[in-house]
Amino acid sequence: GLPLPEAQRLVALVRRLRQAALPDLPMSLRTTLLIGRLLRAQEVPPQADDPRFLQICADVFCGRTGAARPEDVIRTLVAAARATGPAEPIPSPETPA
(Lines give C-alpha, C1' and ligand atoms only; values in the text may rest on other atoms or scores of the structure.)
Protein backbone atom coordinates (compact mmCIF):
# COMPACT_ATOMS: atom_id res chain seq x y z
CA GLY A 1 0.00 0.00 0.00
CA LEU A 2 0.86 3.64 0.25
CA PRO A 3 3.19 5.00 2.92
CA LEU A 4 1.19 6.19 5.94
CA PRO A 5 1.48 9.96 5.23
CA GLU A 6 0.28 9.47 1.64
CA ALA A 7 -2.56 7.19 2.75
CA GLN A 8 -3.63 9.81 5.30
CA ARG A 9 -3.54 12.51 2.61
CA LEU A 10 -5.64 10.36 0.27
CA VAL A 11 -8.24 9.68 2.97
CA ALA A 12 -8.41 13.39 3.84
CA LEU A 13 -8.93 14.35 0.20
CA VAL A 14 -11.64 11.73 -0.31
CA ARG A 15 -13.37 12.95 2.85
CA ARG A 16 -13.32 16.47 1.46
CA LEU A 17 -14.74 15.27 -1.81
CA ARG A 18 -17.48 13.40 0.07
CA GLN A 19 -18.42 16.61 1.89
CA ALA A 20 -18.67 18.51 -1.41
CA ALA A 21 -19.95 15.49 -3.27
CA LEU A 22 -21.68 15.21 -6.52
CA PRO A 23 -24.74 12.97 -6.35
CA ASP A 24 -24.16 9.28 -7.02
CA LEU A 25 -20.40 9.21 -6.42
CA PRO A 26 -19.34 5.95 -4.77
CA MET A 27 -17.12 7.30 -1.99
CA SER A 28 -16.39 4.41 0.28
CA LEU A 29 -13.44 2.69 1.89
CA ARG A 30 -13.32 0.25 -1.02
CA THR A 31 -13.17 3.09 -3.55
CA THR A 32 -10.43 4.82 -1.57
CA LEU A 33 -8.42 1.58 -1.40
CA LEU A 34 -8.74 1.14 -5.15
CA ILE A 35 -7.49 4.68 -5.74
CA GLY A 36 -4.61 4.01 -3.32
CA ARG A 37 -3.58 0.87 -5.18
CA LEU A 38 -3.62 2.69 -8.50
CA LEU A 39 -1.59 5.59 -7.08
CA ARG A 40 0.99 3.19 -5.69
CA ALA A 41 1.24 1.20 -8.91
CA GLN A 42 1.73 4.36 -10.98
CA GLU A 43 3.85 6.17 -8.36
CA VAL A 44 1.46 9.14 -8.23
CA PRO A 45 1.22 11.24 -5.05
CA PRO A 46 -2.28 11.87 -3.65
CA GLN A 47 -2.24 15.62 -4.25
CA ALA A 48 -5.09 17.62 -5.74
CA ASP A 49 -2.61 19.72 -7.73
CA ASP A 50 -1.31 16.65 -9.58
CA PRO A 51 -3.30 16.07 -12.80
CA ARG A 52 -2.49 12.34 -12.71
CA PHE A 53 -4.11 12.04 -9.27
CA LEU A 54 -7.17 13.94 -10.45
CA GLN A 55 -7.51 11.72 -13.51
CA ILE A 56 -7.22 8.52 -11.45
CA CYS A 57 -9.93 9.78 -9.06
CA ALA A 58 -12.20 10.75 -11.95
CA ASP A 59 -11.67 7.39 -13.67
CA VAL A 60 -12.44 5.40 -10.52
CA PHE A 61 -15.44 7.44 -9.38
CA CYS A 62 -16.98 7.70 -12.83
CA GLY A 63 -16.14 4.14 -13.81
CA ARG A 64 -17.95 2.75 -10.78
CA THR A 65 -21.25 4.48 -11.54
CA GLY A 66 -21.08 6.21 -14.89
CA ALA A 67 -23.32 8.86 -13.32
CA ALA A 68 -20.85 11.76 -13.06
CA ARG A 69 -18.75 13.34 -15.75
CA PRO A 70 -14.96 13.17 -15.16
CA GLU A 71 -14.57 16.94 -15.50
CA ASP A 72 -17.21 17.47 -12.79
CA VAL A 73 -15.36 15.14 -10.42
CA ILE A 74 -12.05 16.89 -11.09
CA ARG A 75 -13.58 20.33 -10.62
CA THR A 76 -15.26 19.29 -7.37
CA LEU A 77 -12.09 17.67 -6.00
CA VAL A 78 -9.95 20.73 -6.81
CA ALA A 79 -12.53 23.08 -5.29
CA ALA A 80 -12.80 20.95 -2.13
CA ALA A 81 -9.02 20.85 -1.73
CA ARG A 82 -8.70 24.61 -2.26
CA ALA A 83 -11.54 25.44 0.13
CA THR A 84 -9.99 23.56 3.01
CA GLY A 85 -6.29 24.07 2.35
CA PRO A 86 -3.64 21.36 2.53
CA ALA A 87 -4.73 17.92 3.63
CA GLU A 88 -4.59 17.54 7.37
CA PRO A 89 -3.03 14.30 8.53
CA ILE A 90 -5.37 11.84 10.16
CA PRO A 91 -4.17 10.66 13.57
CA SER A 92 -2.78 7.15 13.52
CA PRO A 93 -4.30 4.63 15.96
CA GLU A 94 -1.44 5.09 18.43
CA THR A 95 -1.79 8.91 18.37
CA PRO A 96 -4.18 10.25 21.01
CA ALA A 97 -6.93 12.44 19.59
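**Exercise 1. How do α1 and α2 cross?**
Work out at what angle the axes of α1 and α2 cross, and which residues make the contact, in this predicted model.

*Solution.*
Step 1: Start with a general idea: a pair of packed helices is described by the angle between the two axes and by the distance between them.
Step 2: Find the helices, α1 at residues 4-19 and α2 at residues 29-42. Their axes come within 11 Å and cross at roughly 135 degrees.
Step 3: Name the arrangement. An angle over 145 degrees would count as roughly antiparallel, and 65 to 115 as roughly perpendicular. The crossing therefore makes α1 oblique to α2.
Step 4: List the residues in contact. Leu10, Val11 and Val14 come from α1, while α2 supplies Thr32, Ile35, Gly36 and Leu39.
Step 5: Add the handedness: α1 and α2 form a right-handed crossing.

**Exercise 2. Does the length of α1 add up?**
Compare the expected span of helix α1 with the distance between its end C-alpha atoms.

*Solution.*
Step 1: Helix α1 has 16 residues, and at 1.5 Å a residue it should span 22 Å. The expected span uses one less than the number of residues.
Step 2: The end C-alpha atoms of α1 are 23 Å apart, which agrees with that expectation.
Step 3: While you have α1 in view, pick out its buried residues: Gln8, Leu10, Ala12, Leu13, Val14, Arg16 and Leu17.

**Exercise 3. What surrounds Leu54?**
Decide whether Leu54 is buried or exposed, and find its contacts beyond its neighbours within four places in sequence.

*Solution.*
Step 1: Look in helix α3, residues 51-65, where Leu54 is found.
Step 2: Buried means under 20% relative accessible area. Leu54 has 10% relative accessibility, so Leu54 counts as buried.
Step 3: With the neighbours within four places set aside, Leu54 is in contact with Ala48, Ile74, Leu77 and Val78.
Step 4: Take one of these partners, Leu77. Leu54 and Leu77 are 23 residues apart in sequence, and their C-alpha atoms are 7.6 Å apart.

**Exercise 4. What about Glu43?**
Describe the phi of Glu43 and say whether Glu43 is buried or exposed.

*Solution.*
Step 1: Go to the loop between α2 and α3, where Glu43 is found.
Step 2: Recall that most residues other than glycine have a negative phi.
Step 3: Glu43 has a positive phi, near 55 degrees.
Step 4: Exposed means over 50%. Glu43 has 69% relative accessibility, so Glu43 counts as exposed.

Conventions: Residues numbered from 1 in each chain as written. Predicted model: local features only at pLDDT ≥ 70, side-chain atom pairs only at ≥ 80, totals over all residues. Heavy atoms only, no water. Helix = DSSP H or I, 4+ residues; strand = E, 2+ residues; numbered from the N terminus. Buried < 20%, exposed > 50% of the residue type's maximum accessible area, 1.4 Å probe, protein only. Axes fitted to C-alpha atoms, helices over the stretch in contact; angles between N-to-C directions. Parallel < 35°, antiparallel > 145°, perpendicular 65-115°, else oblique. Left-handed = near helix turned anticlockwise from the far one by under 90°. Contact = heavy atoms within 4.5 Å.
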